[in-house]
Amino acid sequence: MSVNNHLDTAKEILLDYYNIKGKLTILPGEIDLNYKVHTPDEQIFILKISRTASTSNSLEFQIALLNHLKDFARDLNIPKAITTKDGKKLVKLKDEKNQVIFVRLYTWIEGRLWGEVLPKNTRIKQQLGSYGGKLTNALATFTHPCSQYISEWDIAQSLWTKKFTHILKRSKENRIIPIITRFEALQGSYKSLPKQIIHNDANDNNIIVSFDKLTPEVIALIDFGDSIYTQRINDLAIMCAYVSMEHIDPLRAILPIIRGYNEACKLSVEELAHLYITIQMRLVITVVKAAINHTKNPENSYLFVSEKAAWGNLKKWSLIDEEFALMRFRESVGLPPHPSRNEFNNWIKKKQLPLTALFPTVQRKNVYPLDLSVSSTWIGHEIDFNNLDWFQYNINQLQKKVPSKIIAGGYLEPRPLYTDDSFDTEADFGKQNRSVHLGVDFWLPAETPVHTIFDGEVVTSTFQKQHKNYGGLIILKHNEDNLIFYTLYGHLSKKSSAALTKGDLLSKGDCVGYLGSPEENGSWAPHLHFQVQLSLLNFIDDFPGVAFHHEIKSWKSLCPDPMILFGIDTLSRKRKKTTTNRKIIDYRKQHLGLGMSLHYDSPIQMVRGNGVYLLDQYGKKYLDTVNNVAHLGHEHPAVVIAGRDQMALLNTNTRYLHKDIMEFSQALLQTLPKEICVLHFVNSGSEANELALRMSRVVTGSKQVIASEMGYHGNTISTVAVSSYKFNGKGGSGKPSDTHLFPLPDTYRGVYRDACASQNYIEEVHKCIQAIESSGQKVGAFIIESLISCGGQIELPDGFLKGAFKTVRNAGGVCISDEVQTGVGRIGTHFWGFELHDVIPDIVTIGKPIGNGHPIAVVACTREVANAFSNGMEYFNTYGGNPVSCAIGKAVLDTIKQENLQQNALVVGSYLKSKLSKLAKDFPIIGDVRGQGLFLGFELVGTNLNPLPLQANYLINRMKDHSILMGVDGQDNNVIKIKPPLTFSIENATTLIFYLKKILQEDFMR
């Protein structure tokens, strides 16, 4: 039968033998002809017509297997064989060429294929593993005489591939020969593994998942046509091989599958030891079969569907050490990752040595703990710990305080010192960085000799000048009481590594080398990096000194705490314990106001900032696209230095003369129109708007305020009263009588959207004035952001603000421009948002960005407003305008100019906006992209412009999973806001777009 011209024949078979009529759809298959059958009464079946390559015995075996599962896997969704009109489950026929064919009909399991599901998160992978384990259990008692046949897809029989490697290109042949050779070498132990009948083909087309977009469930494993009697571990290996194909880190990707499988079907240590090679052998079968099929059957694309991905996966697996993979496998099933760790722990308790054995010339018996963790205040700012002279000085001062101890620390310490790009790696969840220190550092003078505490053989002796933080490196291999382990000595001098050669034997007490100077090892003050490990894995002239946090259980098992060699627990006892997120959350719920909300479904604990990044307690970096408070970037050196220096000198109120307030004022006024010439200093944007409203009341004698819907101007009583975002939101008490709202001037989903929108919104402002005047009152103030932030990053219609200002002033009102979020260079084309609209406000309020996070804010106004406000009542603010705040504010303005950050906001913002607009063409869920400079937003909507807040929340949480911080705004919580530090780069923008595109392809976003 031909798949292209026998649909009619298939329909006849269906009617004649099963009395079923229906619509048939062709499905792919390697051997069988497969048809999906839809009946008029909405039943669905799968009709399988097997070619002569199949025998009745093998098909009867499959039917018997399904019958077995019907009884022994009642909780699993198993296809059922449908009997013919005369009670048969297998029909034997002949085609037009008089060749035998076999027909079967099965119930259809509704769902979608595994390959159609995005994302494949930990939960669903663990479900898949669990389903596979349950299926294995159910098949454990099934036997059949036809189960033991020769199959090219049986991993146990896969050494046949060795005969065909020559048909591959040389580079590809070289990639798979070592895998085949390794599998061949393991045949003795592999053949002794538990055997049974298994599914043997858990590929993307045989895993069925529910249609639920948010929490999809694994429904079934289908197609038992490749079932065979073989090693049980092969089933898990096949599942892992296919699932790992689409991942950057295949090892991490499959751990949930192994965990789920083991929970349902306990894996032996021996099986885990063969999982690494069996995964790769399944991939080898895939690529060799594809190469053969290219020759034999080039027109059947189904035969090559996994070829490219399989080759890519083999390359990725080749970079993963087999021993480390086994450690991760063991960890995933609850075993000690390194098999020798417990033995080492028991042995070392009997072998503890004095610290003087390592440093015999120092003669100090204990250590003083030094905290260099990501949350350490001792190391100070990046400008400090990267200053080698500063670091050396502080080490010296600390040593003077504790002359009888060796300064030491670092084991399992997450450090900010390893967060530059050289420690970054691309991963499935965004960039990840190695940050957790695996050894202990001992801070001692250069040339201090280091001695071995055990007999040892030199396995590595090198001077790593290419690594700025290592210098001389020596690794010794030890064999004590038949226990093999290694000690590592890093940051040694160049002459140390030159004095020893691989293979040299050292006796206990021999000198290993000497501490190198900072010039030699490129590090801070001279110190020894001392590390213990139970294996070298596949490293030859190097070994990691830091690890990824998500792998730390395995690394901790591999690299014990070196201090246990000396019986010293000072470091572990005094190490600053990380406060868990759960503990902080519980405390907040009990003792902090419940209105103080947290970002994200799973909040993050941040302990350090660095430029466009925030770092959590584990040293994990998050690209910050939303924290506009850190205007110049988190902890910008210029701001840190200015604040620290002035704080050390003087901080007092404005009743004393100090030059900082004058210098800051001069710098700020240079950025404003000449009409805005008087400044009042406060501490926050809320306080600034509070003062601006107070000024307007004094100037006009009226409390009547006109404001936009969805406006937000602060958290004080007066500012909440003019903030629709607050008083019309959750817990709000509604609009006060003194506040008059006009519709949010949004031309995308607002009440006015056409060419006349600007004039119509101006008319709405005029209606507010009429309402005020008709009640016998007069207009007090008009307050608005030049781009409305909480309303959804709304760009005001052309001409609206100019017309609104004119209308308000004609009625005697004061115009306030809230520049807390839009000012100080953020919009790129101008320094202040109101300049976009060719207007000059009466009052400008400036907030936290002017202090880069330091609590400083300013009210700038015209001379007329200032004179009217000065009515005899003193204005005094204890901290507003203090020397520290002014020094910081001046530093912010100077840095924007010196680093050309306003121009950067324009260039990067324009690039980012154009990329977002292109993204919107591919993903209709992005309904509008708007904003200026680095004040951007995009709106998520459905086909009828209906807002999609659930998708917006999903998006920012998934971006957080990929180490990118984003936020939601808008009256319907469906606008993604982008307001990063002005130091945000083109590279940062490109990274953001890359991961946005990735998440937008996921099920819930489609």
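The following dialogue introduces some features of a predicted model.

Visitor: How many helices and strands does the chain have, and how many residues count as buried?

Guide: This is a predicted model. The chain has 31 helices and 41 strands. Of its 1006 residues, 55% count as buried. Along the principal axes, the C-alpha atoms fill a box of roughly 105 × 90 × 50 Å.

Visitor: Among contacts between residues at least 6 apart in sequence, what share joins residues at least 24 apart?

Guide: In this chain the share is 73%.

Visitor: Let us turn to a single helix. Which residues of helix α21 are buried?

Guide: A residue is called buried when its relative accessible area is under 20%. In helix α21, which spans residues 659-669, the buried residues are Asp660, Phe664, Ser665, Ala667 and Leu668. They cover an arc of only 165 degrees around the axis, so they lie on the same side of α21.

Visitor: What covers the buried residues of α21?

Guide: The cover includes two helices, α20 (637-649) and α28 (883-898), together with the strands β28 (676-682), β35 (843-846) and β36 (857-862).

Visitor: Where is His634 found, and is this residue buried or exposed?

Guide: His634 is in the loop between β27 (621-624) and α20. This residue counts as buried because its relative accessibility is 6%, and the cut-off for buried is under 20%.

Visitor: Which residues does His634 touch, and which side chain does a polar contact join to that of His634?

Guide: Leaving aside residues up to four places away in sequence, His634 touches Gly609, Asn610, Gly611, Val612, Tyr613, Leu614, Asp624 and Asn627. With one of these, Asp624, the side chain of His634 is joined by a polar contact of 2.7 Å.

Visitor: I should like to understand the backbone as well. What is usual for phi and for peptide bonds?

Guide: Most residues other than glycine have a negative phi, and most peptide bonds are trans. In this model, the peptide bond from Leu118 to Pro119 is cis, with omega near -5 degrees. Pro119 lies in the loop between β6 (112-113) and α3 (122-139).

Visitor: What is the phi of Gln793, and where does this residue lie?

Guide: Phi of Gln793 is near 60 degrees, a positive value in a residue other than glycine. Gln793 lies in the loop between β32 (787-788) and β33 (794-795), and it counts as buried because its relative accessibility is 0%.

Visitor: What may be said of Asn900?

Guide: Asn900 is not a glycine, yet it has a positive phi of about 55 degrees. Its place is the loop between α28 and α29 (901-922). Asn900 is partly exposed, with a relative accessible area of 47%.

Visitor: How many cavities of 30 Å³ or more does the structure hold, and what lines the largest cavity?

Guide: A cavity is a space where a probe fits but cannot get out. The structure holds two cavities of 30 Å³ or more. The largest has a volume of about 40 Å³, and its lining includes Leu744, Asp746, Arg749, Gly791, Ile794 and Arg930. By class, that lining has three nonpolar, four polar and four charged residues.

Visitor: What lines the second largest cavity, and which strand gives the most to its lining?

Guide: The second largest cavity holds about 30 Å³ of space. Its lining is formed by Ser708, Gly711, His713, Ile783, Ile784, Glu785 and Ile788. Strand β31 (residues 781-785) gives the most, with three residues. The lining divides into three nonpolar, three polar and one charged.

Notes:
Residues are numbered from 1 along each chain as its sequence is written. This is a predicted model: local features need pLDDT of at least 70, side-chain atom pairs count only at pLDDT 80 or more; totals for chains, interfaces and linings use all residues. Side-chain values use heavy atoms; hydrogens and water are left out. Buried means under 20% relative accessible area, exposed over 50%, partly exposed in between (1.4 Å probe, protein chains only). Helices (H or I, at least four residues) and strands (E, at least two) are DSSP runs, numbered from the N terminus. The arc is that of the directions from the helix axis to the C-beta atoms. Contact means heavy atoms within 4.5 Å. A polar contact is a pair of N or O atoms within 3.5 Å; within protein, one must be able to donate a hydrogen and the other to accept it, and residues adjacent in sequence count only if both atoms are side-chain atoms. On a 1 Å grid over the protein atoms alone, a cavity is a set of points where a 1.4 Å probe fits but cannot get out, and a pocket is an open set with protein on both sides within 12 Å along at least five of seven lines; lining residues have an atom within 4 Å of a point. Grid points are joined across faces, edges and corners, and a volume is the space filled by probe spheres set on the points. Ala, Val, Leu, Ile, Met, Phe, Trp, Tyr, Cys and Pro count as nonpolar, Asp, Glu, Lys and Arg as charged, and the others, Gly among them, as polar.
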